[in-house]
Amino acid sequence: MDILLRGGIVVSGKNSKKLDVLIQGSKIKEIGRRLSADNVPVIDCSGKLIFPGFIDAHTHFDLEVSDTVTADDFESGTKAAVCGGTTTIIDFATQNKGESLSTALNNWHMKAFSKSSCDYAFHMAISDWNDRIKEEINDMVEQGVTSFKAYLTYPAMMLSDEELFDMLSTLKKYGGIVGVHCENHGIITALTKERKDKGELCVATHPKVRPALCEAEAIDRLLSIAQIVDVSVVIVHLSSKEGLQMVRHHRKNGCKVFVETCPQYLLLDESRYELKGLEGAKFVCSPPIRAKEDNRELWNALKTGEIQTVATDHCSFTTEQKKVGLDDFSKMPNGLPSVESRVVLMYTYGVCKKRITLERMCQLMCENPAKLYGMYPKKGTINSGSDADIVIYDPKCDGFISKNTHHSASDYTPYEGVRTKGMVERVFVRGKEVVRNGEVILENKGKFVHRAKSTL
Ligand code: URP
Ligand code: ZN
Ligand code: ZN
């Protein structure tokens, strides 16, 4: 069906202009002033912002981890995503040790197929690096999985420096890119033992065994290896000013590195871990949330362009699941839900607080992730020929975030009661309206996005 969006402010990474947008079928046909189209339904968008559909390049849906499985699967997770204005997610297909990458990819296709309300793609998280896996990399790239993940901590998934070196060399050959979870595993293990020996088992100990230098050290090591191999890499979920300083240091030496951060590292601070019992447990994620000063440094780095993307690292558990770690913080399932709140939080606390412009918001959550992960200009932009993934955002209304209204299967949100400005009013995925006034009106129509190589 064709639809004309009349008179909204169309936002791109360069500017924001009052324009009409003509959707034809699943694509954007035309953008311009006073477009006419006979017998086409018209939506009056005056006073509204029109964004390209937002991309969340870091989610974990239906992931088995810490002897449990995330609260959100693709069904609930992608409903939450579209309600929050996200039209494409990139989830982490995760290889179990001993498993082939094609098995892991098949598993993730089965988890997502016919359950997704937004479009989806996969990074391949590699837990086991060997010659057999190496031979599958080209096949992954041909199947549209052009990005990978490596962990420098978590015993079930972490790679050694030698494996990382070999992986980067292989990805360089096939044009894949890797996002890396940067924390030094040895430091975490030693500090955890030290604290547990002293009987410090509560949630407040979690950030103490994962200090910012632990992130900075792993970044230093990753970027040194990447520079020797001479390949670009991505640092996912950057949390600290020490980590950022390390990025600056390596960039000065010519290292090409892209950086992602998440709302929790911009808006929440470590005082949350002092909250008693389950209240503190709600904020346990890795890397941990840091100090207010880290929040400020990261906001500034978004403004200066030192950080290229904002994703969520949505990895949701219920409070019941979090209870497992109440008497021993090291057993707590790590991760937070936030796929539904990212856009409204970045608009309210980024754009309205003048920390970033509307255009930067569009770069960070639309254009840059689309380019970095090989989906541009199909996704991430409002241009003729692009997929008609569009968010109509009403900047005027006031609201607040609550577990009572969100769509995640988690029974809490780390942003309970947080005031917001504006709301995601309508969402289109490939020309089909999937959300109206905060509710899903068309579900399970998401498709797999076969991605090309990075162009950022
Ligand atoms: O605590 C977190 N972030 N859990 C999700 C997995 C990861 O490390 O990205
Ligand atoms: Zn991670
Ligand atoms: Zn993650």
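**Close-up views of the zinc ions and ligand 1**

In sequence, the residues that donate to the zinc ion (ligand 3) follow the spacing H-x1-H-x252-D. The views below are taken from a predicted model.

**View 1. Protein donors of the zinc ion (ligand 3).** The zinc ion (ligand 3) is held by His58 through NE2, His60 through NE2 and Asp313 through OD, at distances of 2.0 to 2.1 Å. Both His58 and His60 are buried. The angles subtended by the 4 donor atoms around the zinc ion (ligand 3) run from 87 to 129 degrees, and the arrangement is therefore tetrahedral. For this assignment, all angles must fall between 85 and 135 degrees.

**View 2. Protein donors of the zinc ion (ligand 2).** Lys149 (NZ), His181 (ND1) and His237 (NE2) coordinate the zinc ion (ligand 2) at 2.1 to 2.7 Å. The sequence spacing of these donor residues is K-x31-H-x55-H. His181 belongs to strand E12 (residues 177-181), whereas His237 sits in the loop between strand E13 (233-235) and helix H8 (241-252), so this pair ties together parts that are 56 residues apart in sequence. His181 has a relative accessibility of 1% and therefore counts as buried. His237 likewise counts as buried, because its relative accessibility is 1%. The threshold for this class is a relative accessible area under 20%.

**View 3. The two zinc ions together.** A distance of 3.8 Å separates the zinc ion (ligand 2) from the zinc ion (ligand 3). On the side of the zinc ion (ligand 2), the donors are Lys149, His181 and His237. On the side of the zinc ion (ligand 3), the protein donors are His58, His60 and Asp313.

**View 4. Surroundings of ligand 1.** Ligand 1 is surrounded by 13 residues, of which Lys149, His181, Ser286, Asp313 and Asn334 are the closest. Among these, Lys149 and His181 also coordinate the zinc ion (ligand 2), and Asp313 is a donor to the zinc ion (ligand 3).

**View 5. Polar contacts and burial of ligand 1.** A polar side-chain atom of Lys149 is found 3.1 Å from an oxygen atom of ligand 1. For His181, the distance from a polar side-chain atom to an oxygen atom of ligand 1 is 2.9 Å. Ser286 contributes through its backbone: one of its N or O atoms lies 2.8 Å from an oxygen atom of ligand 1. Of the 270 Å² that ligand 1 exposes when taken alone, the protein buries 96%.

Terms used: Residues numbered from 1 in each chain as written. Chains lettered and ligands numbered in written order. Predicted model: local features only at pLDDT ≥ 70, side-chain atom pairs only at ≥ 80, totals over all residues. Heavy atoms only, no water. Donors = N, O, S within 2.8 Å, 3.2 Å for Na, K, Ca; no water. Helix = DSSP H or I, 4+ residues; strand = E, 2+ residues; numbered from the N terminus. Buried < 20%, exposed > 50% of the residue type's maximum accessible area, 1.4 Å probe, protein only. Tetrahedral: all angles 85-135°; square planar, octahedral: opposite > 155°, others 65-115°. Near = heavy atom within 4 Å. Polar contact = N/O pair within 3.5 Å; in protein donor to acceptor, adjacent residues only side chain to side chain. Areas by Shrake-Rupley, 256 points an atom, 1.4 Å probe, with all protein chains shown as cover.
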